[in-house]
Structures are given as structure tokens and as C-alpha cells.
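Colleague: Please take me through this model step by step, and let each answer close on the value or name that I ask for.

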Amino acid sequence: MTIVNKTALLVIDIQKDYFPGGAYPLWQPEETVVNTLSAMALAQSHGVDIIHVQHVFDTPAPFFNKGTKGIEIDPRILQAAPESPIVVKSFADSFEQTNLEGLLKERGITSLLICGMMTHNCVTHTAISKAADKYDVIVITDCCTTIDEMVHNIALSGMSNRVSQKAAAEAFAV
């Protein structure tokens, strides 16, 4: 994929509940944030739109409960792209019952770079969503994490026949 202004970087669910002290800490959340911040800087240098995605449950759930600190997007991620829109979702698929598709259409987006938390759930469901079929999709592998390394690698393998996968540096190579 050639990076053009028709590309968006979706930064999915990098929220406080996934960090130590949160309701559901993941494997390597800090490394994922550092890598994602680098990817966001690359996106900005290439004129790529950045869209934050935030998971919030309206009904009681194990984590991401409305009104808790756990739903907050990591402040480093927000500070890196403070003007970027935030799509709020309540399903694993970032397109499901959200304004994401309309936002992408409004911006003329044709390609998606996807990163975030959790690889095996929200990243996968967004990347292989029926709604994502119309986009050229790349999952940025070094900017994703989940409950452990094995599940992360299984998730990447599971979606490898549907979407491209690249490390951030490769995804932004022009």
C-alpha cells in the first residue's frame, strides 16, 4: 500500500483498564503504547488521518464500564493526536453501531491501518468486519497486544488470509 491522504490509522482501545492496576491488564501494554506513538508520528508525517476508538459498555461488564477511569484512553495516545476524532463503541467490531463508517466516508478514506488492543478481539473483529471489506486493510503487528504472546500470534495467524500485516516501519515505507 502506498501511503496517501486517503488512509486512516485506527488506534483501537488503548485504554486504562488494559494496563497494570486496570481491570484487565494485557501483555506488553507499555511496549504497545511506545510502538503506537511511533506509528502515530509516522502517520502524521505522511498526512494519514488518525482516529481513536474507545470501548465503553453501557451495562455492567468485567471492564470498560461507563463512568470508570478504566475507559479512559491512555493520555499519551490522546496527546499525540489531540484533534483526532474518537469513535465510541460497545462491540468488538469498531464499525458495529458506530459512526466510524460515516467518518471514513466523509474523509474519503480508502485504506486502513489498524492497531490497538486486543489483537484477538477488537483488532481482529474490526480488521475482518464486513464493513472493512471495502478498504485496503493492514494490521500493524508491532502496535497490537492482547492477553499473552501466544494468543497475539494466533490472532495474527488467524486473520492473515484476510488482511495484510506489517510492522509499523514497513507499513509507512513509501
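Modeller: Before we place any residue in a loop, note that helices are DSSP runs of H or I with at least four residues, that strands are runs of E with at least two, and that both are numbered from the N terminus. The model itself is predicted.

Colleague: In what order do the elements of the chain run from the N terminus on?

Modeller: The secondary structure comes to six helices and six strands. Read from the N terminus, the order of the elements is β-α-β-α-β-α-β-α-β-α-β-α.

Colleague: What is the radius of gyration of the chain, and what does the globule rule give for 174 residues?

Modeller: Along the principal axes, the C-alpha atoms fill a box of roughly 40 × 35 × 30 Å. The chain is as compact as a globular protein of its length, because its radius of gyration is close to what the globule rule gives for 174 residues: 15 Å for the chain, against 16 Å from the rule.

Colleague: What share of the contacts with a separation of 6 or more comes from residues 24 or more positions apart?

Modeller: Of the 174 residues, 49% count as buried, while the chain exposes about 7900 Å², of which carbon and sulfur atoms supply 53%. Among the contacts with a separation of 6 or more, the share from residues 24 or more positions apart is 78%.

Colleague: How many of the seven residues of strand β2 are buried?

Modeller: On one side of β2 lie D49, I51, V53 and H55, and on the other I50, H52 and Q54; these are all buried, and both faces are thus covered. Strand β2, residues 49-55, is therefore largely enclosed by the rest of the structure, the number of its buried residues being seven of seven.

Colleague: Which residue of β2 stands opposite I12?

Modeller: Strand β1, residues 7-12, pairs with β2 in the parallel sense over five bridges. In β2, the residue opposite I12 is V53.

Colleague: What is the relative accessible area of H55?

Modeller: H55 is found in strand β2. Leaving out residues up to four places away in sequence, H55 touches D13, Q15, F64, I71, K89, S90, F91, A92 and C122. Since the cut-off for buried is under 20%, H55 counts as buried, with a relative accessible area of 5%.

Colleague: Where does D13 lie, and is D13 buried or exposed?

Modeller: Most residues other than glycine have a negative phi. D13, however, has a positive phi of about 55° although it is not a glycine. Its place is the loop between β1 and α1 (29-45), and at a relative accessibility of 0% D13 is buried.

Colleague: F64 also interests me; what is its phi near?

Modeller: F64 sits in the loop between β2 and α2 (75-80), and it is buried, with a relative accessible area of 1%. F64 is a residue other than glycine, yet its phi is positive, near 60°.

Colleague: In which loop is V56, and how far apart in space are V56 and A8, C-alpha to C-alpha?

Modeller: V56 belongs to the loop between β2 and α2, where it is buried at a relative accessible area of 10%. Beyond its neighbours within four places in sequence, V56 is in contact with F64, K66, I71, V88, K89 and S90. In sequence V56 and A8 are 48 residues apart, and C-alpha to C-alpha their separation in space is 22 Å.

Colleague: Is the peptide bond from M117 to M118 cis or trans, and what is its omega near?

Modeller: Most peptide bonds are trans. M118 is found in the loop between β4 (111-117) and α4 (119-127), and the bond that joins M117 to M118 is cis, with omega near -10°.

Colleague: Which residue of β5 stands opposite M117?

Modeller: β4 and β5 pair in the parallel sense over six bridges, and β5 is mostly covered, with seven of its ten residues buried. The residue of β5 that stands opposite M117 is T145.

Colleague: Which elements do the buried residues of α4 pack against?

Modeller: The buried residues of α4 are T119, C122, V123, T124, T126 and A127. The elements against which these buried residues of α4 pack are β1, β2, β3 (86-89), β4, β5 (136-145) and α5 (149-159).

Terms used:
Residues are numbered from 1 along each chain as its sequence is written. This is a predicted model: local features need pLDDT of at least 70, side-chain atom pairs count only at pLDDT 80 or more; totals for chains, interfaces and linings use all residues. Side-chain values use heavy atoms; hydrogens and water are left out. The radius of gyration is taken over C-alpha atoms; the globule rule is 2.2 Å times the number of residues to the power 0.38. Buried means under 20% relative accessible area, exposed over 50%, partly exposed in between (1.4 Å probe, protein chains only). Contact means heavy atoms within 4.5 Å. Accessible areas come from the Shrake-Rupley method with a 1.4 Å probe; for residues, only the protein chains shown count as cover. Two strands pair if DSSP finds at least two bridges between them.
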